Structure formats: structure tokens, C-alpha cells
Amino acid sequence: MDLKLAQVKQDKRIKTFIWQTDKYLDALGYTDHGGRHINIVAERARSLAKKIGLNQQDQELAAIAGYCHDMGNFLGRDQHHYWAALLFSQCYLRDYEPLAVSTVAQAIVSHDKYDLKIVNKVTAVLILADKSDVHRSRVREKNRRRLKEDIHDRVNYSVISNDLLVRLAKKEIILKLKVDTKITDPLEYFEIFIDRMSFCRLAAEYLGYQFVLMINNFKLS
Ligand SMILES: [Fe+2]
Ligand SMILES: [Fe+2]
């Protein structure tokens, strides 16, 4: 039997890791890495995988990786990608196809790895789905009053709309953002997101696409 996202979402162990992570990162003052973020990343990964023509199983694996990729944060922020992959493997390696489980685990580990080397499409899709999620709804309600103090909250809050588009004919993956420049200067965006954007560029290139960033209709590629 193949592992499906719907089943992973009902798994009490996964629910607990996600709940613990949200509680931990809330205490540290981080932006949302819980239900909102992981559902967006899972759906974005599935939709991107489908648009670029990955098969049904890889679409499902990309969605599962999207849902589980941040659940290791409660064991430590710095290595959270490794923790999440290990937790995922512990839950499913015994009863499911090792190739599928290890593909998800590898994608999860790679989503935040500095010595990144992408060797499969599920990994590349997860990176694009995760690193493109910047939006004002990621800023926790209680932190919206202190935007001046925190650059991550400020930059996320400045993003009013966010679309990840695929132009098959031009072989482009486009992250289209609308940014309220009264809240942040676009330069601040680059200050904190330069790493994320280079992850996206590498991932798009691996898939055979060019990554394009559009901020307020200004195209950067
Ligand atoms: Fe992460
Ligand atoms: Fe994430």
C-alpha cells in the first residue's frame, strides 16, 4: 500500500510533532511553521509537481514532504531538517516502501541544508514550495504590533500576495510577490531572503527551469 498525505495528516504521531513544533517556535518568536505553513507547502508542492509533469506517486511524495518538512523544529531549530527526516523515517520505514520513505526523507533533509546537492525532483519541488512561502499571514497575531523590531516579521508582513507560477513554454518558474513598500524596503527582502532565493534558483535549474522573482511587477532573474 502506498503512503498518502491524507493518512499522514491523521497520524497521531505526526500531529503531535507538528503541535510541539508550533508551540516551540511560538515561544521563540518565529513566524508560523505550523498548520498554515505546512498545508500551503504541501499543496504548493503537489500542484508544482503536477504542473511540471511528475508522476502521481512523486506528486504525493512531494505533498507528504511538504507537510512533514518542518516537524523536527521542536528538537532544535538548527538541525530541524535532520530531525524531521529521522522522525518521518521512524514512523514509516518499517511498513512502507523504503524507496518512497527515503525519497521523502531526503527531500526533508535537503530543504534547509547548506551543502545542498539536489539529486531528485521531489527534493527540488519541496525546496521551491517551502522557500517561496513568504506572506503576511505567516506573522503571528501577537507579533504584528512589533514589526519595527523584527526584520523577518516585517518582510513577511509586507507581502500582500504571493503566487508561484509555471510558464511551461518559457521554462520559467515565477515567484510573483506584491510587497507593501511602506512596511519594508525591497532591499530588506533580499537581506534576509537571499539564501532562500538561491535555493529556489538551484531547485528550478535542477528541474530544467529558470527561476524568476517578480516583486511589484519588477522582474529579477
Ligand atoms: Fe524548515
Ligand atoms: Fe518550512
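How many of the residues of helix H7 are buried? In this predicted model, eleven of the eleven residues of H7 are buried, and the helix is mostly covered. The buried residues are Lys121, Val122, Thr123, Ala124, Val125, Leu126, Ile127, Leu128, Ala129, Asp130 and Lys131. The elements that cover them include helix H3 (35-51), helix H4 (56-68) and H6, together with strand E1 (159-167), strand E2 (172-179) and H9. Two of these neighbours, H3 and H6, are described next in terms of their packing against H7.

Two packed helices are described by the angle between their axes and the distance between the axes. For H3 and H7, the angle is about 130 degrees and the axes lie 8 Å apart. An angle of over 145 degrees would count as roughly antiparallel, and 65 to 115 as roughly perpendicular; H3 and H7 are therefore oblique to each other. The crossing in which H3 passes H7 is right-handed. On the side of H3, the contact is formed by Val41, Arg44, Ala45, Leu48 and Ala49, and on the side of H7 by Val125, Leu126, Leu128, Ala129 and Asp130. Sorted by class, the residues of this contact comprise eight nonpolar and two charged, with no polar residues.

Helix H6 (residues 98-110) also packs against H7 (residues 121-131), their axes coming within 8 Å and crossing at roughly 40 degrees. Because of this angle, H6 is oblique to H7. The passage of H6 across H7 is a right-handed crossing. Thr103, Gln106, Ala107 and Ser110 of H6 make the contact with Val122, Thr123, Leu126 and Ile127 of H7. Here the classes divide into four nonpolar and four polar residues, and no charged residue takes part. Leu126 of H7 is among the residues in the contact with H6, and Leu126 is also listed in the contact with H3.

The nonpolar interior was examined next. The largest nonpolar core contains 60 residues, and those with the most contacts inside it are Ala45, Ile64, Ala65, Cys68, Ile108, Val125 and Leu128. Among them, Ala45 belongs to the H3 side of the contact between H3 and H7, whereas Val125 and Leu128 belong to the H7 side. With neighbours within four places in sequence left aside, Ile108 is in contact with Ala65, Cys68, His69, His81, Ala84, Ala85 and Phe88. Ala65 and Cys68, which appear in that set of contacts, are also listed among the core residues with the most contacts.

A further helix pair is formed by H8 (residues 151-158) and H9 (residues 186-206), which pack at an angle of about 120 degrees with their axes 10 Å apart. H8 and H9 are therefore oblique to each other. In contrast to the right-handed crossing of H6 with H7, H8 passes H9 in a left-handed crossing. The contact consists of Ile151, His152, Arg154 and Val155 from H8 and Glu188, Tyr189 and Ile192 from H9. These residues divide into four nonpolar, one polar and two charged. H8 is mostly covered, with six of its eight residues buried. Those six are Asp153, Arg154, Val155, Asn156, Tyr157 and Ser158, and the elements that cover them include E1, E2 and H9. Arg154 and Val155 are thus named among the buried residues of H8 and also in its contact with H9.

Strand E1 contains Arg167. With 13 other C-beta atoms within 10 Å, Arg167 is partly exposed. Apart from residues up to four places away in sequence, Arg167 touches Glu172 and Ile174. The C-alpha atom of Arg167 is separated by 35 Å from that of Tyr96, and the two residues are 71 residues apart along the chain.

Backbone geometry of note occurs at two asparagines. Most residues other than glycine have a negative phi. Asn216, however, has a positive phi near 50 degrees, and Asn217 has a positive phi of about 65 degrees. Asn216 lies in the loop between strand E3 (210-215) and strand E4 (218-220), and Asn217 is found in the loop between E3 and E4 as well. Asn216 counts as exposed because 12 C-beta neighbours lie inside 10 Å. For Asn217 the count is 8 C-beta neighbours inside 10 Å, so that residue also counts as exposed.

Key: Residues numbered from 1 in each chain as written. Chains lettered and ligands numbered in written order. Predicted model: local features only at pLDDT ≥ 70, side-chain atom pairs only at ≥ 80, totals over all residues. Axes fitted to C-alpha atoms, helices over the stretch in contact; angles between N-to-C directions. Helix = DSSP H or I, 4+ residues; strand = E, 2+ residues; numbered from the N terminus. Parallel < 35°, antiparallel > 145°, perpendicular 65-115°, else oblique. Left-handed = near helix turned anticlockwise from the far one by under 90°. Contact = placed C-beta atoms within 7 Å. Nonpolar A, V, L, I, M, F, W, Y, C, P; charged D, E, K, R; others polar. Core = buried A, V, L, I, M, F, W, Y, C linked by C-beta atoms within 7 Å. Buried ≥ 20, exposed ≤ 12 C-beta atoms within 10 Å, placed from the backbone.
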